[in-house]
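Hi,

Here is the structure I promised to send over. Have a look at it first, and then read my notes below.

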Amino acid sequence: MMIYGLNTCAICQKARKALEAEGKEVTFRDVRTEPLTEAELAELIAEFGDLLVDRKSNDYRALNDWLKNSEVEAQISAQPKVMARPVIRDRDVLYLGWDETIQVALLQS
């Protein structure tokens, strides 16, 4: 299982701890220090579209107008911190976030 997020993200840390506590083998990837490849980003955009950008974050609000009006790929490539997180890959299934539905799906599988 792979978690894409930020080491400093409290929700990413909660997801990782909960999954590891259930005996899941988790690999964590900080998208700031190890950015997504073009292919990885394209796959996530195909799956989640505009939801992949956290438009409520301070980092998004700090983007210049040109970037705010750009494609999701440009926004995340320029500022990885605007990516909504965590993104969790469980084999061939992708999840965005750490809400109750995702927790049930991943912790009871």
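The charged end of Lys 68 sits over the ring of Tyr 60, 6.0 Å from its centre. For that label, NZ of Lys or CZ of Arg has to be within 6 Å of the ring centre and within 35 degrees of the ring normal. Aromatic pairs are another story: a search of the whole structure turned up 0 of them. Such a pair would need Phe, Tyr or Trp rings (the six-membered one for Trp) with centres within 6.5 Å, and would be called stacked with planes under 30 degrees apart, edge-to-face over 60, and tilted for the rest.

Before you go further, note that this is a predicted model: local features need pLDDT of at least 70, side-chain atom pairs count only at pLDDT 80 or more, and totals for chains, interfaces and linings use all residues. Residues are numbered from 1 along each chain as its sequence is written, and side-chain values use heavy atoms, with hydrogens and water left out.

Now the core. The largest nonpolar core has 30 residues, and those with the most contacts inside it are Leu 52, Ile 76, Met 83, Val 87 and Ile 88. At least two core residues come from each of β1 (2–5), α1 (10–21), α2 (38–48), α5 (72–78), β3 (87–90), β4 (93–96) and α6 (100–107). A core here is a set of buried Ala, Val, Leu, Ile, Met, Phe, Trp, Tyr and Cys residues joined through side-chain atoms within 4.5 Å. Buried means under 20% relative accessible area, exposed over 50%, and partly exposed in between (1.4 Å probe, protein chains only). The helices (H or I, at least four residues) and strands (E, at least two) are DSSP runs, numbered from the N terminus.

Two of those core residues are worth clicking on. Val 87 touches Met 2, Ile 3, Tyr 4, Leu 44, Phe 48, Leu 52, Leu 94, Tyr 95 and Leu 96, not counting residues up to four places away in sequence; contact means heavy atoms within 4.5 Å. Met 83 lies in the loop between α5 and β3 and is buried, with a relative accessible area of 0%. With the same sequence neighbours left aside (those within four places), Met 83 is in contact with Tyr 4, Gly 5, Val 31, Leu 36, Leu 52, Asp 54 and Ile 76. Met 83 and Val 53 are 30 residues apart in sequence, yet 4.7 Å apart in space, C-alpha to C-alpha.

That loop also holds Pro 86, and the peptide bond leading to Pro 86 from Arg 85 is cis, with omega near -5 degrees.

Next, have a look at α2. Which of its residues are buried? They are Glu 40, Leu 41, Leu 44 and Phe 48. Seen down the axis of α2, they fall within an arc of 95 degrees, so they line one face of the helix (the arc is that of the directions from the helix axis to the C-beta atoms). These buried residues pack against β1, β2 (27–30), α5, β3 and β4. On the face turned away from the buried side, α2 carries the exposed residues Glu 38, Ala 39 and Ala 46. Gly 49 follows the helix, and its phi is positive, near 60 degrees.

Glu 40 may catch your eye in that list. Glu 40 counts as buried because its relative accessibility is 19%. Its side chain reaches the backbone nitrogen of Thr 37 at 2.8 Å, and Glu 40 also touches Tyr 4, Arg 29 and Pro 35, not counting residues up to four places away in sequence.

Another polar contact involves Arg 89, in strand β3, whose side chain meets the side chain of Glu 43 at 2.6 Å. A polar contact is a pair of N or O atoms within 3.5 Å; within protein, one must be able to donate a hydrogen and the other to accept it, and residues adjacent in sequence count only if both atoms are side-chain atoms.

Lastly, two loop residues. Arg 91 lies between β3 and β4 and has a positive phi of about 60 degrees although it is not a glycine; at 65% relative accessibility, Arg 91 counts as exposed. Gly 23, in the loop between α1 and β2, is exposed too, with a relative accessible area of 63%.

Cheers
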